[in-house]
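Subject: Structure handover: pockets and cavities

Hello,

Here is the structure for you to look through. My notes on its empty spaces follow below.

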Amino acid sequence: MALDSAAADFTKPTLERIKETGKIRIGYGVTAPFSFTTTDGQVVGYSIDLCRRVTEKLKTRLKMDDIQIEFVPRTPSNRVQLLNDGSIDIECNASTNTVERRKSATFSLSHFYGATRYVSLAKNQLETLADLKGRSVGVALGTVNVNDINEINRARKLNISVVPADTLKGAFDMVTDGRVSAFAMDEVLLSTMIAQSQNPAEYRISTEKVTDFQPVGFMMRLNDTEFASAANEALGEIYKSPEMPDIYKRWFEDSIPELGVSIKMPMSETLKNALANPVPIP
């Protein structure tokens, strides 16, 4: 039975606390198809499916009858804070694994590889990075895309005006309303937001990438090596299992009933290789 005192003690190793409380705290976002809520309040998505399976494997590892999942909403700007103060044990969304981020969080084995592109209104005929010269570009605070755009801006002397937004939807809406010329974000998230919009034909994703493919994983607290090892061991088994292609297909290739759209994004060769040979990024 879960103990209230143990539930409040986040100084203990994560596995020990899960064993005492019977509960794991999973952070999720509003970033379909990775993690999002349905109209009836259920938390679902590609990342959520994987973390539910990790929880099942932890249950076996810890010899527990059950582990309750407590879903905790997080934003790009507060996710590391929630990890560090114990509000969440693992962030099950789609965080880009960078050298800078690994200074403040431990990353799991990658479950996705994505490139950054930008979305704009189709009528403006913007396709390349050069097309952004002298224009305004929206970014979501707390995402690596802020740095991506700033770096390309300096390197190519594009004189871009970078406009921050608190949320991904807020940044996308700025494009719709004409307040910015473009919004830079992971291409799969852009594809999903366009598919969910009232008129997808109004938008265009850039033909030129802002960045090459980058690894995406789940974030965990630094220095909790036992939990990170257990999570990665579970993920490695899941990635190499026969069900993994179906998990991916359900969210990226098939129609997604919860959204009423289909992203139509086959698995990249980069991701196929990563899942077949899962190794941590040093």
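A word on terms first: helices (H or I, at least four residues) and strands (E, at least two) are DSSP runs, numbered from the N terminus. Please keep in mind that this is a predicted model.

**Largest pocket**

The largest pocket has a volume of about 720 Å³. Its lining takes in 31 residues. V30, L168, K169, M193 and Q196 are the ones that lie nearest the centre of this pocket. Three elements give two or more residues each to the lining: strand 2 (36-37), helix 6 (168-176) and helix 7 (187-196). Which of them gives the most? Helix 6 does, with five residues.

The lining is mixed in class. Twelve residues are nonpolar, 13 are polar and six are charged. Both domains take part in this pocket: domain 1 (14-113 + 216-276) and domain 2 (116-205) each supply at least three lining residues.

**Largest cavity**

The count of cavities of 30 Å³ or more comes to two. A cavity here is a set of points where a 1.4 Å probe fits but cannot get out.

The largest cavity has a volume of about 120 Å³. It is lined by 16 residues. Nearest its centre lie R79, A94, T143, M185 and D186. Strand 5 (90-96) and strand 11 (182-186) each give at least two residues to this lining. Strand 5 gives the most, with four. By class, the lining has six nonpolar, six polar and four charged residues.

Where does this cavity lie with respect to domain 1 and domain 2? It lies between them, because domain 1 (14-113 + 216-276) and domain 2 (116-205) both give residues to its lining.

**Second largest cavity**

The second largest cavity holds about 40 Å³ of space. Its lining consists of I24, I26, C51, V54, T55, L58, I90 and F227. Strand 1 (23-28) and helix 3 (46-61) each supply at least two of these residues. Helix 3 gives the most here, with four residues.

How do the lining residues of this cavity divide by class? Seven are nonpolar, one is polar and none is charged.

**Where to look**

For the pocket, start at V30, L168, K169, M193 and Q196, which lie nearest its centre. For the largest cavity, start at R79, A94, T143, M185 and D186. For the second largest cavity, go to helix 3.

Best wishes

Methods
Residues numbered from 1 in each chain as written. Predicted model: local features only at pLDDT ≥ 70, side-chain atom pairs only at ≥ 80, totals over all residues. Heavy atoms only, no water. 1 Å grid on protein atoms, 1.4 Å probe; cavity = no way out; pocket = protein on both sides within 12 Å on 5 of 7 lines; lining within 4 Å. Points joined across faces, edges and corners; volume = space filled by probe spheres on them. Nonpolar A, V, L, I, M, F, W, Y, C, P; charged D, E, K, R; others polar. Domains from an automatic or database assignment.
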